[in-house]
Structure formats: structure tokens, C-alpha cells
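This report covers overall form, core, disulfide and strand pairing, in that order. Look over the sequence and fold before reading on.

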Amino acid sequence: QVQLVESGGGLVQAGGSLRLSCTASGRISSVNAMGWFRQAPGKEREFVAHISWSIGFTDYADSVKGRFTISRDNAKNTVYLQMNTLKPEDTAVYYCAGGSRWAIKDYDYWGQGTQVTVSS
């Protein structure tokens with residue numbers, strides 16, 4: 001099993017920045033990709049960004065391209081999401097997830113979520 005723990009959420013004004021962290025523990029060897037998802041009140045959970053563990057290949061949702069950056073620190077088993085130029089519509093619970101495959105539909109491991117609130 002793999003455990004994922006997020007941190008770094010909070011309240012920020014529109015235009016501001018936050019950095020989320022997600023640290024993995026347990027059977028790290030079974031994780032080949034990790035990513036971030038978010039769920040706003042009354043909405044479905046949506047993909048934000050993900051990164052391959054080995055070569056660092058990344059992909060982003062159109063809504064965050066140019067504003068968010070995903071990165072990883074293999075030595076710390078940690079994935080980061082740097083969020084800049086935040087907008088009120090970015091308000092959501094952000095979840096870290098990971099899996100043995102690149103495809104997000106195959107992500108097996110999920111964190112508990114961290115709240116991000118962007119005020120206007």
C-alpha cells in the first residue's frame with residue numbers, strides 16, 4: 001500500500017500563490033505517476049496536473065496551464081503543485097493521487113485532501 005499526505009492548503013486572495021505538497025510513503029516502488037485533482041462544492045472531481053515519477057513528464061488541465069506547475073523531489077518522495085495567479089474558481093479541495101500507470105483512470109492511491117480557498 002501507498003500512503004499520501006497533502007499539505008499547504010489555505011486561504012489566499014485572488015492573484016496570490018500557494019504551494020501544495022504531497023509526500024508518499026509505503027510501497028513507493030509501485031508508484032510511477034502522481035498527480036493532483038480538485039473538487040469544488042457541488043461539482044465533480046477534476047484532473048489538475050500529473051507527473052511521471054521517473055522522467056518528470058507533465059500534463060495539465062487547460063484551466064491551469066501557465067499558472068500551475070507540478071514538480072517532484074524523488075529523494076523526498078514528494079510532489080509539489082505551485083499555484084500562481086490564483087482565481088476564485090480555483091477554490092476546491094485538492095487531492096493528491098498516484099498509481100503504477102500514467103493514465104489517471106488507473107490511479108489507485110489517494111490522499112485525504114487539502115482545502116484551497118481563493119477570495120475575490
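A residue counts as buried when its relative accessible area is under 20%. By that cut-off, 45% of the 120 residues of the protein are buried. The model is predicted.

**Overall form**

The protein has 11 strands and 0 helices. Its radius of gyration is 13 Å, close to the 14 Å that the globule rule gives for 120 residues, so the protein is as compact as a globular protein of that length. Along the principal axes, the C-alpha atoms fill a box of roughly 40 × 25 × 25 Å. About 6,200 Å² is exposed, and carbon and sulfur atoms supply 47% of that area. Take the contacts between residues at least 6 apart in sequence: 55% of them join residues at least 24 apart.

**Core**

In soluble globular proteins, nonpolar side chains tend to be buried together. Here the largest nonpolar core has 36 residues. Met 34, Trp 36, Leu 81, Met 83 and Tyr 94 have the most contacts inside it. Several strands each supply at least two residues of this core, among them β1 (2-7), β3 (18-26), β4 (33-39), β5 (46-52) and β9 (92-99). β7 (68-73), β8 (78-83) and β11 (114-119) do so too.

**Disulfide**

The structure holds 1 disulfide. Cys 22 and Cys 96 form it, with their sulfur atoms 2.0 Å apart. Cys 22 lies in strand β3 and Cys 96 in strand β9, so the pair ties together parts that are 74 residues apart in sequence. The torsion about the S-S bond of Cys 22 and Cys 96 is about -80°, so the disulfide is left-handed. Both cysteines, Cys 22 and Cys 96, are buried.

**Pairing of β4**

Which strands does β4 pair with? The table lists β5 and β9 as its partners.

| Strand pair | Bridges | Direction |
|---|---|---|
| β4 and β5 | 6 bridges | antiparallel |
| β4 and β9 | 7 bridges | antiparallel |

On the β5 side, Gly 35 has His 50 as its bridge partner. On the β9 side, Ala 33 stands opposite Gly 99. β4 and β5 form a hairpin with 6 residues between them. In that turn, Gly 42 has a positive phi of about 75°. Is β4 mostly covered or mostly exposed? It is mostly covered: 6 of the 7 residues of β4 are buried. β4 also supplies at least two residues of the largest nonpolar core.

Definitions and conventions:
Residues numbered from 1 in each chain as written. Predicted model: local features only at pLDDT ≥ 70, side-chain atom pairs only at ≥ 80, totals over all residues. Heavy atoms only, no water. Core = buried A, V, L, I, M, F, W, Y, C linked by side-chain atoms within 4.5 Å. Buried < 20%, exposed > 50% of the residue type's maximum accessible area, 1.4 Å probe, protein only. Helix = DSSP H or I, 4+ residues; strand = E, 2+ residues; numbered from the N terminus. Disulfide = S-S within 2.5 Å. Rg over C-alpha atoms; globule rule 2.2 N^0.38 Å. Contact = heavy atoms within 4.5 Å. Areas by Shrake-Rupley, 256 points an atom, 1.4 Å probe, with all protein chains shown as cover. Pairing = 2+ DSSP bridges.
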